[in-house]
Amino acid sequence: IARDIQRSIVPNEFPQHKHLDLYACMMPAKEVGGDLYDYLLGDEYLYICLGDVSGKGVPAALFMGQVTRMFRALAREKCAPQEIATRLNNEFTEGNDNGMFVTMFLAYIDLNTGSMDFCNAGHNPPILGGEFMEMETNAPIGLWSELDFVGEHIDNIKGLPLLIYSDGLNEAENSQQEQFGDEHLLKILQENHFDSAQQVIEYLHDEVE
């Protein structure tokens, strides 16, 4: 049930756009995970989010569904990423008896200028142009009420690959309990040429396997 809920939530089709090459993939490590991603594409802008919900199973899948629906609603209102994070946090700290939370990276990208406004809520730092982004971490969403999340800005990311991921990638372990690791991830992105976003994701998937 949880897997079916998850698969119905995350997008499986990606846009054809002259200024954008976008692709994503989610592979549960066991029966079901708590990862999520979503996007909202306008004529001249892109909202994206990627998150990791605490816990597993049906509760995580339902929480994930609530988060993605509210993200999409706030993106349609053209809210800034930090405002989306703040409003999500206000919503999910109220009556959160199970103590569930989500780490999340949210961004608004202007497809004409290449500017990116973003907010990182306790999530792994994305990789931009082959380097980990330095950023405010903020708290995860859903843990503490009445927080004001901090947003940040980059003037232009045109032509730079942006990889957003969950710790299911860099903390994946082999049979010897060795992690995939940040350095391995960076090395792959820095030393290989990729023709598309899909090729990057499929290559990383195969490497983790």
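**Strand pairing around E4**

Six bridges join strand E3, residues 102-110, to strand E4, and the two run antiparallel. That pairing is where I want to start. One caution first: this is a predicted model.

Stay with E3 and E4. Together they form a hairpin, with five residues between the strands. Look at the turn. Glycine 114 sits there with a positive phi of about 85 degrees. For the register, take isoleucine 109, which stands opposite methionine 116 in E4.

Now E4 itself. Is this strand mostly covered or mostly open? Mostly covered: E4 spans residues 116-121, and five of its six residues are buried.

E4 has another partner too. Strand E7, residues 152-154, pairs with E4 over three bridges. The sense is again antiparallel. As a marker for this pairing, use phenylalanine 118 of E4, which stands opposite glutamate 152 in E7. So E4 is bridged to E3 and to E7.

One reminder while we look at strands. In a regular strand, side chains alternate between the two faces of the sheet.

Next, the other hairpin on my list. E1 and E2 are joined through three residues. E1 covers residues 35-41, and E2 covers residues 45-53. How many bridges join E1 to E2? Seven, with the strands antiparallel. Find aspartate 38 in E1; its bridge partner in E2 is cysteine 49. E1 is mostly covered as well, with five of its seven residues buried.

Now step back to the whole chain. The count is six helices and eight strands. From the N terminus, the order reads α-β-β-α-α-β-β-β-β-β-β-α-α-α. Why call this protein as compact as a globular one of its length? Because its radius of gyration is 17 Å, close to the 17 Å that the globule rule gives for 209 residues. The C-alpha atoms fill a box of roughly 50 × 45 × 30 Å along the principal axes.

Contacts next. Take those with a separation of 6 or more. Residues 24 or more positions apart account for 64% of them. On burial, 48% of the 209 residues are buried.

Then the surface. The accessible area comes to about 11,400 Å². Carbon and sulfur atoms hold 45% of that.

Last, charge. There are 12 positive side chains and 35 negative ones. How far apart do the centres of the two sets lie? They are 8 Å apart.

Note on methods
Residues numbered from 1 in each chain as written. Predicted model: local features only at pLDDT ≥ 70, side-chain atom pairs only at ≥ 80, totals over all residues. Heavy atoms only, no water. Buried < 20%, exposed > 50% of the residue type's maximum accessible area, 1.4 Å probe, protein only. Helix = DSSP H or I, 4+ residues; strand = E, 2+ residues; numbered from the N terminus. Pairing = 2+ DSSP bridges. Rg over C-alpha atoms; globule rule 2.2 N^0.38 Å. Contact = heavy atoms within 4.5 Å. Areas by Shrake-Rupley, 256 points an atom, 1.4 Å probe, with all protein chains shown as cover. Lys, Arg positive; Asp, Glu negative; His and termini not counted. Charge placed at Lys NZ, Arg CZ, Asp CG, Glu CD.
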